[in-house]
Amino acid sequence: MLSVDLLAVVALAAATAWPVPAGSWTRFAVLAGCAALHLHCSRWIERIRRDHSHLPHVDLCSIWILAGALVLPPALAVALVVLMYAHRWWVVGRWDASRPPHRNVFTTSMMVLATLAASAVAGVTGLRDHLHAGTPGGALDLVGLVGAGAAQWLVNTALVAAVILLTVRPRSVRDAVGSAADNLLEAGQLALGGFVALAVAWSPPFALPMVVAAVALHRTVLIHQLELAARTDAKTGLLNAEAWHLQATLELRRTRQQPPGARVGLFMVDVDHFKDINDTHGHQTGDVVLRRIAAALAGAVRRGDAVGRFGGEEFAVLLPGVEHDEAVAIAERMRAEVHRVSADDGHGGTVGGLTVSIGIAVWPEVAEDTLEGLLAAADSALYEAKRLGRDQVQAAGGRRRARWTPAARVERPGV
């Protein structure tokens with residue numbers, strides 16, 4: 001982070017070598033005013049979005065940043081970035097103790113470098129000169145516009161991914177570079193930024209209507225993010241019980257409507273002796289362990305399987321189209337992944353040696369036509385795994401001779 005900050009300072013000093021034409025100040029003032037108005041009108045939306053973001057947070061500043069990189073000389077483009085992120089920290093970040101000022105400094109430095117990369121492309125291709133002169137150059141200017149947006153995106157994404165990979169150790173590349181939806185949002189912003197640049201080059205006041213579009217986009221993104229948050233367990237990032245139950249119900253109904261031979265599997269997974277971890281190391285350490293176990297479980301399943309937190313230290317897994325032998329293999333893989341989980345206990349020690357017990361129910365081998373029946377069967381198999389010594393996988397039988405017995409929800413030493 002310090003290296004990026006230092007590089008941004010050097011780049012900023014170099015940018016001051018370029019002259020600032022007199023007409024650029026009007027464009028700078030209009031872009032700065034529009035950006036400030038957009039961020040001020042959407043400040044509460046941005047606070048909520050940041051609080052609910054579990055992956056790289058995509059802010060909506062790129063609209064104005066790319067426009068500045070295209071129509072402003074490098075020094076003013078950088079000044080626009082600095083003013084925007086100082087304003088954003090003042091109206092959003094300063095209220096959040098978990099996001100100290102040095103993180104905003106790093107974000108600003110990163111965007112300074114991304115802006116200068118886009119500005120360099122706009123200068124080399126002649127796009128900026130053509131915008132100032134009002135004489136578009138056709139296909140070459142389109143190449144310059146796309147190239148400038150791509151340069152900004154590439155530098156931004158690479159620096160964010162680098163710092164995440166060095167600090168958080170995400171379980172997948174997607175967690176470092178953002179999901180497809182995140183990158184589509186960024187591409188949409190860059191496209192809007194290109195149109196803002198064209199409007200400003202034609203007549204600076206024409207950028208004002210874009211403020212309305214930017215605030216509307218902010219609200220739309222918030223709605224989608226809140227929908228995701230409503231389906232997600234805040235502690236583990238997995239599906240919550242309600243969302244998992246709905247998805248499993250729909251999948252079982254779909255499977256039952258398919259020709260004979262279609263299958264669906266359910267796992268019930270319980271962390272062995274988890275209460276001992278909370279009692280010995282505290283609930284904060286227990287939460288860290290729970291998150292790492294959740295990541296291990298999610299990393300062991302197939303693409304398309306759904307892992308949810310069912311409650312406490314218990315998880316549920318939905319496996320569409322799974323055969324019995326494959327289900328057992330996946331469950332054993334999950335158990336092996338949990339064996340490798342460890343966490344710092346906060347006192348110089350390590351919490352390790354973790355195990356899970358897993359109960360399996362595969363329809364139609366388990367003759368239950370409702371999700372509740374399948375869950376009861378998997379729960380009964382889970383109870384059997386615990387009764388036989390824990391840290392193992394057990395599968396439910398084909399037909400029950402008596403009512404399925406649900407697994408015990410509370411860990412008790414010796415049980």
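How do the residues that line the second largest pocket divide into nonpolar, polar and charged? The lining holds 10 nonpolar, 3 polar and 2 charged residues, where Ala, Val, Leu, Ile, Met, Phe, Trp, Tyr, Cys and Pro count as nonpolar, Asp, Glu, Lys and Arg as charged, and the others, Gly among them, as polar.

Before selecting anything, note that this is a predicted model in which local features need pLDDT of at least 70 and side-chain atom pairs count only at pLDDT 80 or more, while totals for chains, interfaces and linings use all residues. Residues are numbered from 1 along each chain as its sequence is written, and side-chain values use heavy atoms, with hydrogens and water left out.

**Stop 1: the pocket**

Select Trp-18, Pro-73, Pro-74, Ser-119 and Arg-128, which are the closest to the centre of the second largest pocket among its 15 lining residues. Its volume is about 270 Å³, taken as the space filled by probe spheres set on grid points that are joined across faces, edges and corners. A pocket here is an open set of points on a 1 Å grid over the protein atoms alone, where a 1.4 Å probe fits, with protein on both sides within 12 Å along at least five of seven lines, and lining residues have an atom within 4 Å of a point. Colour α1 (2-15), α6 and α7 (127-133) next, since each supplies at least two residues of this lining; the largest share, 4 residues, comes from α6. Helices (H or I, at least four residues) and strands (E, at least two) are DSSP runs, numbered from the N terminus.

**Stop 2: α5 against α6**

Keep α6 (residues 101-124) on screen and add α5 (residues 74-91): the two pack at an angle of about 155°, with their axes 9 Å apart. Axes are lines fitted to C-alpha atoms, for helices over the stretch in contact, and angles run from 0 to 180 degrees between N-to-C directions. α5 and α6 are therefore roughly antiparallel to each other, a label for angles over 145 degrees, whereas those under 35 count as roughly parallel, 65 to 115 as roughly perpendicular and the rest as oblique. Their contact (heavy atoms within 4.5 Å) includes Tyr-85 and Trp-89 of α5 and Met-111 and Leu-116 of α6, and its residues divide into 11 nonpolar, 5 polar and 1 charged.

**Stop 3: α4 and α1 on α6**

Now show α4 (residues 62-71), which packs on α6 at about 40° with the axes 8 Å apart, and that makes α4 oblique to α6. Ile-65, Leu-66, Ala-69 and Leu-70 of α4 meet Met-111, Thr-115, Ala-118, Ser-119 and Ala-122 of α6, a contact of 7 nonpolar, 2 polar and no charged residues.

Then switch to α1, whose axis comes within 9 Å of that of α6 and crosses at roughly 45°, so that α1 too is oblique to α6. Among the α1 residues to select are Val-4, Asp-5 and Leu-7, and among their α6 counterparts are Val-105, Phe-106 and Ser-109; this contact divides into 12 nonpolar, 1 polar and 1 charged.

**Stop 4: two backbone details**

Most residues other than glycine have a negative phi, and most peptide bonds are trans. Go to His-273, in the loop between β1 (264-271) and α13 (274-281), where phi is positive at about 55° although the residue is not a glycine. Finish at Pro-364, in the loop between β6 (356-363) and α16 (371-387), where the peptide bond from Trp-363 is cis, with omega near 10°.
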